[in-house]
Amino acid sequence: MKFFVDTAEISEIKALLPTGLVDGVTTNPSLIMKSGRDIREVTAEICALTPGPVSAEVTALEADKMISEGKSLAKIADNVVVKLPLTFDGLIACKALTSEGIKTNVTLCFSANQALLAAKAGASFISPFIGRLDDINIDGMELIREIRVIYDNYDFRTEILAASIRSANHVKDSALAGADVATVPPGVLKSLVNHPLTDKGLKAFLDDWAKTGQKIL
Ligand code: E4P
């Protein structure tokens with residue numbers, strides 16, 4: 001499973017890069033707003049740092065304007081993926097940008113039928129929003145499972161990018177459900193390493209080591 005980091009904060013991406021865990025980055029208009037940065041500047045900076053795809057979202061609602069915005073965003077760097085909302089206009093823009101060789105991430109997906117349409121429009125990634133479904137008491141993980149079955153039934157190449165992830169369990173369950181990628185907030189990504197028995201075991205080893213009086217270096 002690939003990990004994308006769900007942030008537009010450069011410092012958070014830089015802190016995670018040495019772990020080798022960062023396969024890409026996703027942003028959205030709310031994350032750009034939180035960063036306080038200009039979308040072009042910050043996207044260019046993220047693209048230069050990141051080894052893989054970097055999603056940048058259009059904000060137009062009509063297909064022709066989405067296509068223009070998408071082409072403009074795609075010129076920022078070779079690894080830009082144009083993020084489009086799951087609307088009919090978004091699907092038209094997806095088809096058009098895909099046919100020009102521009103990678104797309106169709107976002108705000110809340111149903112398996114929406115995911116089917118995005119795959120048929122040639123999306124590179126589909127972003128089902130797990131957390132926002134859970135927020136309204138609908139099982140977000142079931143959506144990932146349904147999309148996995150549908151995409152496998154028809155051999156769609158669109159990658160399932162589990163989004164709106166809020167917890168370590170969301171990451172584990174997305175992996176079990178067969179998501180290709182999870183886009184994870186930095187805090188949740190860091191929390192995946194935690195286990196109290198690791199901490200306890202490490203302390204016991206170091207206490208015993210101190211008793212030997214030895215040093216490795
Ligand atoms: C990423 O592609 C999505 O925009 C993001 O995961 C949404 O997360 P949220 O529901 O926590 O805002």
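In what follows, Ala, Val, Leu, Ile, Met, Phe, Trp, Tyr, Cys and Pro count as nonpolar, Asp, Glu, Lys and Arg as charged, and the others, Gly among them, as polar. With those classes, the lining of the largest pocket in this predicted model comprises five nonpolar, seven polar and five charged residues.

That pocket has a volume of about 300 Å³, and 17 residues line it, with D6, N28, L31, R132 and S164 lying nearest its centre. Helix 2, which spans residues 29-35, supplies the largest share of the lining, namely three residues.

The largest pocket is also the space taken by the ligand, whose surroundings can be described residue by residue. Around the ligand stand D6, T26, N28, K83, F129, R132, A163, S164, R166 and T183, a shell that divides into two nonpolar, four polar and four charged residues.

Three of the charged side chains can be followed to the ligand itself. D6 places a polar side-chain atom 2.6 Å from an oxygen atom of the ligand, and in the side chain of R132 an N or O atom is likewise found 2.6 Å from a ligand oxygen. For K83, the distance between a polar side-chain atom and an oxygen atom of the ligand is 2.7 Å. Of the 350 Å² of accessible area that the ligand has on its own, the protein covers 84%.

Read together, the two descriptions meet at particular residues: D6, N28, R132 and S164 are among those nearest the centre of the largest pocket, and D6, N28, R132 and S164 are also among the residues around the ligand.

Conventions. Residues numbered from 1 in each chain as written. Predicted model: local features only at pLDDT ≥ 70, side-chain atom pairs only at ≥ 80, totals over all residues. Heavy atoms only, no water. Near = heavy atom within 4 Å. Polar contact = N/O pair within 3.5 Å; in protein donor to acceptor, adjacent residues only side chain to side chain. Areas by Shrake-Rupley, 256 points an atom, 1.4 Å probe, with all protein chains shown as cover. 1 Å grid on protein atoms, 1.4 Å probe; cavity = no way out; pocket = protein on both sides within 12 Å on 5 of 7 lines; lining within 4 Å. Sits in = over half its atoms within 2 Å of the grid points. Points joined across faces, edges and corners; volume = space filled by probe spheres on them. Helix = DSSP H or I, 4+ residues; strand = E, 2+ residues; numbered from the N terminus.
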